[in-house]
Amino acid sequence: MTSQKENKKVLLHVCCGPCAMWPLKELLEEGLDVSLLFYNPNIHPNVEWQRRLENTVKVARHYDLPLLVRGCSLAEEWIRRAEDGLDRCRYCYEMRLSCVAEEAVKGGFDAITTTLLVSPYQDRDLILQEGQRAVQDRDLAFLPYDWRDGFRQGQTMARTLGLYRQIG
């Protein structure tokens, strides 16, 4: 795999505005050309999905970055999978990262990554597996950042920007 510095054009999957703050700080300091993709069909109710989108728009404007938005809330699908445990998580990561990889190929990106890698509450190993799987048959790299040490600082940055932070 090529180094992260060689991957100049990166499509960052954004789950919500607050979780994007620290990864964006890091990516932009690295000098990467970053665009954002908001794709979160597992968020419900729809009002929560809309709040997260609105905050992602604020972040994109704050950093003056391009933002792609795909999909909508598919609440019925996620409610149906409520008891699926780890399979539900895998399905969620796979669905999101496959979409990001498809969009990255269409847009001529060199690499993808996700803000899910900032959260200490996500299954990092599973995200890494699904990220690698999403790019394996594409001319694309998955960047396995570990931003968890910046999670709290990112949340502070989000408060400073006045972003809505979901509860629970």
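1. A residue is called buried here when its relative accessible area is under 20%, and by that criterion strand β1 is mostly covered, with 5 of its 6 residues buried. The model under discussion is a predicted one, and the points below should be read with that in mind.

2. On the sheet: 5 strands form an open sheet, arranged in the order β3-β2-β1-β4-β5, and the pairing is parallel. The edges are taken by β3 (67-69) and β5 (141-142), each of which has a single partner strand, so that one side of each is left without a neighbour in the sheet. Strands of a sheet pair through backbone hydrogen bonds, in either a parallel or an antiparallel arrangement.

3. On the individual pairings: β1 and β2 are joined in the parallel sense over 6 bridges, and within this pair Leu12 stands opposite Leu36 of β2. Strand β4 (residues 111-114) runs parallel to β5 and is joined to β5 by 2 bridges, with Ala111 standing opposite Ala141 of β5. Helix α4 packs on the sheet, where α4 touches β1 (9-14), β2 (33-38), β4 and β5, and the direction of α4 makes about 150° with that of β1.

4. On the core: the largest nonpolar core comprises 47 residues, and those with the most contacts inside it are Leu12, Leu24, Leu36, Ile112, Phe142 and Trp147. Helix α4 (residues 86-107) supplies the largest share of this core, namely 7 residues. Leaving aside residues up to four places away in sequence, Leu36 touches a set of residues that includes Leu11, Leu12, Val14 and Leu24, together with Ala60, Leu65, Pro66, Leu67 and Leu68.

5. On helix α1, its length and bend: the 13 residues of α1 (residues 17-29), at 1.5 Å a residue, should span 18 Å, and because the end C-alpha atoms are 18 Å apart, the expectation and the model agree. The helix nevertheless contains a kink of about 30°, which is centred on Pro23. After α1 comes Gly31, whose phi is positive, near 85°.

6. On the surroundings of helix α1: the buried residues of this helix are Gly17, Pro18, Cys19, Ala20, Met21, Trp22, Pro23, Leu24 and Leu27, a list in which Pro23 is also the centre of the kink and Leu24 is also one of the residues with the most contacts inside the largest nonpolar core. What covers these buried residues includes the strands β1, β2 and β4, as well as the helices α2 (46-63) and α6 (151-161).

Technical notes: Residues are numbered from 1 along each chain as its sequence is written. This is a predicted model: local features need pLDDT of at least 70, side-chain atom pairs count only at pLDDT 80 or more; totals for chains, interfaces and linings use all residues. Side-chain values use heavy atoms; hydrogens and water are left out. A nonpolar core is a set of buried Ala, Val, Leu, Ile, Met, Phe, Trp, Tyr and Cys residues joined through side-chain atoms within 4.5 Å. Buried means under 20% relative accessible area, exposed over 50%, partly exposed in between (1.4 Å probe, protein chains only). Helices (H or I, at least four residues) and strands (E, at least two) are DSSP runs, numbered from the N terminus. Contact means heavy atoms within 4.5 Å. Two strands pair if DSSP finds at least two bridges between them. Axes are lines fitted to C-alpha atoms, for helices over the stretch in contact, and angles run from 0 to 180 degrees between N-to-C directions. The expected span of a helix is 1.5 Å times one less than its number of residues. The bend at a residue is the angle between axes fitted to the seven residues ending there and the seven starting there.
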